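Work through the exercises below with the sequence and the 3D structure open. Each task is followed by a stepwise solution.

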Amino acid sequence: MSQVPVLPVRDVVIFPGVIAPLFVGRPRSLRGIEDASLNDRELLIVAQRDNSSEDPRPEDLYSMGTLCRVMQMVRIPDGSTKVLIEGNSRARVDGYIMTGDFLSADVTQVTFDDDLSSRSEPLRRAVLEQFERYVNLHPKLPIEIAFSLANVEDVFLFADIIASHIQVKISEKQELLELINPESRLDRLLRMLIRETELLEMEHSIHDKVRREIEKNNKEYYLKEQLKAIQAELGQPDPTNEYDDLLLRIKKSKMPRDVEKKAITELERLAKMPQMSAEATVSRTYIEWLVDVPWKKRSKDRLDIGIARQVLDEDHYGLDEVKERIIEFLAVQRMSRNEARRGQVLCFVGPPGVGKTSLGKSIARALNRKFVNFSLGGMRDEAEIRGHRRTYIGSLPGRIIQKLKQAGVKNPVMLMDEIDKVGTDFRGDPSSALLEVLDPEQNNSFTDHFLEAPYDLSQVMFITTANVTHTIPKPLLDRMEMISIPGYVVEEKMHIAERHLLPKVLKDNGLSRIKVTIHERVIRKIITEYTREAGVRDLDRQLSKIARKLAAKIVHDYEDGSKPPRSVSVPLTSVKKYLGAPKLHDARLPRKNSVGAALGLAWTESGGDVLVIETVAMKGSGKVLFTGNLGDIMQESAQTALGYIRSCASKYNLGSVEWDKMDIHVHVPEGAIPKDGPSAGVTLALSMLSALTDRAIRSDIAMTGEVTLRGTVLPIGGVREKILAAKRNGINTVILPKENGVDVDELAEWARDGMMFHYVSGVSEVFNLALLKDAGDGGKKD
């Protein structure tokens with residue numbers, strides 16, 4: 001045991017066989033170094049337990065250190081001293097001695113006197129291999145250290161040199177110093193090296209990943225800056241500005257929270273996509289549709305019934321039932337102002353040209369709502385209603401969402417034209433998709449395939465139009481309130497022409513600044529002799545034709561620069577000059593009582609019509625011929641009527657007729673037009689009986705009704721259209737089935753004015769009313 005000066009050090013452990021520089025600044029430590037140097041004795045270097053202590057006490061120091069020799073001591077200008085020391089051996093402190101000048105200690109040198117086992121060499125090699133890996137990974141250790149250790153055969157020195165270079169905690173290095181057995185020290189070193197190597201490998205992996213990310217970001221930044229410069233030269237928008245603009249629009253759109261979350265997620269995906277890729281185009285289109293659809297914006301309803309009635313009367317003449325229904329709707333909306341309101345689904349059914357579409361516009365104007373419309377005619381793809389899925393390039397939402405975007409509000413009046421002409425094929429059934437759209441119980445969460453988000457359609461007022469109802473599927477028909485719009489008679493057409501058509505026609509043809517006078521007799525002549533329709537489209541075309549010819553005449557007469565006249569009139573005599581010869585649509589109707597020619601009333605998609613049914617009886621072989629493009633049902637009605645007449649032959653003085661030697665030919669003129677239905681039964685029976693008995697039929701009477709084999713007359717449909725057709729054609733006497741009397745009672749007063757109705761329950765009553773005594777008798781009935 002000997003007494004030596006003590007040098008407490010921080011953040012370092014000195015091992016035997018290692019030469020290391022130390023910087024000493026504490027006066028007590030400097031005096032201890034000077035004493036060891038002057039007296040040529042060893043110095044004990046001990047690590048501090050607490051690095052923060054500036055004046056360590058014995059309890060702050062470890063109990064084992066290294067005896068070192070001072071090789072060199074140099075003063076540095078900053079006041080500290082650089083000392084080069086060499087570790088010699090381990091020493092255990094038996095006790096610290098505090099003197100006035102420096103700290104000293106009684107120490108005992110520690111040695112290992114046992115023989116090494118056979119494990120020492122494999123351990124040395126394993127530690128050397130692991131240390132080489134450690135040095136390769138460590139950024140501060142030169143690879144030469146590992147090379148120099150390959151030649152160190154002394155296990156003690158080998159272990160201490162590696163222990164001095166490994167970067168671990170001071171407590172762990174002190175642990176290595178205190179391990180006397182070199183094999184235990186190597187084993188502990190191997191564990192530490194493996195642990196530190198794995199940590200270094202993880203650090204390198206993290207650093208590489210961060211470095212690659214930084215390089216990628218720097219590269220992307222550089223490329224984006226180049227792209228910005230190129231886009232600025234080309235005048236294209238900045239993608240960054242586009243992202244910010246879309247994000248702002250998403251926030252301002254007031255869409256539901258779950259939809260907003262979906263939109264922001266899609267926007268973040270878009271920001272990571274190449275701007276010119278097809279997927280980015282689809283994603284950008286999707287986000288723009290989400291922000292453009294009106295999720296919350298709605299127009300304020302005008303619930304003033306007086307104004308609404310005024311608007312409807314201004315835009316349309318007549319149509320009292322329809323106007324009354326709109327007034328009722330407004331009244332309900334006004335009464336339920338503070339309650340939940342459901343959208344309405346109305347279906348206007350009527351012939352072409354009666355104003356179904358324009359009536360929808362008037363309803364929107366009366367309600368102060370936006371108006372949008374589209375046609376369902378010929379639509380065969382379900383995606384037209386529900387939209388296309390976003391898996392397809394160029395996919396879009398359905399027509400419903402498109403029109404809502406066009407309207408800009410969530411409560412427009414949406415008119416769907418021609419719902420009776422929706423088709424179906426392998427692409428789906430649009431009418432089935434409409435079931436959800438037009439059902440107030442379901443359309444509050446309508447999901448478009450493109451948007452993939454529920455949308456509330458309950459605020460929309462849906463209006464559909466149709467010419468017929470039998471082609472509309474029953475479930476769809478059940479979801480709509482049907483409002484029939486009949487055709488117009490001459491008086492109504494004259495009012496419509498004077499109030500609506502003429503001002504529009506004159507404006508469209510540049511004659512609004514000239515007073516054009518068209519007398520009502522001219523309009524009546526055009527209606528009766530140049531048009532034959534339930535609506536007023538053909539009348540509008542004829543008036544436009546006159547206006548164009550007037551404009552051409554004015555331009556021709558005053559092309560020399562003279563001032564055109566302030567007023568122009570169209571006399572009755574000039575109608576033929578402007579429109580040509582009258583069409584004389586009623587020339588096909590018999591003008592006088594005749595045998596075998598009966599007038600029947602028919603319903604068509606364009607309104608009612610008057611049919612002439614002609615029958616002749618001739619010698620033959622008992623055949624019955626039907627011509628005029630008659631359908632199966634109409635031919636069956638003719639067979640039924642003939643069966644009844646033959647069964648009651650004696651009643652009608654036909655007992656002597658040899659049926660097998662007579663042919664009967666039934667013809668309906670205008671053979672290019674298909675004709676079908678059972679309502680011509682009484683007309684067919686009357687025409688055949690007239691031909692068989694050679695008795696004339698009154699030319700001023702028309703009829704309709706289905707006949708049975710027993711001669712019973714059954715009720716039919718389309719009474720309103722048929723009566724209006726008779727009225728348009730100047731026929732004032734109509735025979736109807738008895739059960740259809742209630743339909744006549746529901747007609748407006750103007751439709752019944754001047755008309756005479758006969759209600760029958762048997763076909764014999766028809767014969768009594770329509771058959772004359774003989775062909776030459778003008779008025780006496782049988």
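**Exercise 1.** State how many salt bridges the structure holds, and place the pair D187 and R119 in the chain.

Solution. Step 1: the structure holds 41 salt bridges, each being a side-chain nitrogen of Lys or Arg within 4 Å of a carboxyl oxygen of Asp or Glu. This is a predicted model, in which local features need pLDDT of at least 70 and side-chain atom pairs count only at pLDDT 80 or more, while totals for chains, interfaces and linings use all residues. Residues are numbered from 1 along each chain as its sequence is written, and side-chain values use heavy atoms, with hydrogens and water left out.

Step 2: D187 and R119 form one salt bridge, at 3.9 Å from N to O. D187 lies in helix α6 and R119 in the loop between β6 (103-110) and α2 (120-137), so the pair ties together parts that are 68 residues apart in sequence. Helices (H or I, at least four residues) and strands (E, at least two) are DSSP runs, numbered from the N terminus.

Step 3: D187 has 25% relative accessibility and is partly exposed; R119, at 43%, is also partly exposed. The classes are buried (under 20% relative accessible area), exposed (over 50%) and partly exposed in between, with a 1.4 Å probe and protein chains only.

**Exercise 2.** Describe the salt bridges D508 to K504 and E382 to R386.

Solution. Step 1: the side chains of D508 and K504 meet at 3.4 Å, N to O. Both residues lie in helix α17 (residues 490-508), four residues apart, about one turn of the helix. D508 is exposed at 53%, whereas K504 is partly exposed at 45%.

Step 2: in the pair E382 and R386, the closest N and O atoms are 3.2 Å apart. E382 is partly exposed at 26%, but R386 is buried at 16%.

**Exercise 3.** Which strands pair with β25 in the parallel sense, and is β25 mostly covered or open?

Solution. Step 1: strand β22 (residues 701-703) runs parallel to β25 and is joined to β25 by three bridges; pairing requires that DSSP finds at least two bridges between two strands. M703 stands opposite I735 in β25.

Step 2: strand β26 (residues 756-760) pairs with β25 in the parallel sense over five bridges. Here I735 stands opposite H758 in β26.

Step 3: β25 (residues 733-737) is mostly covered, with five of its five residues buried.
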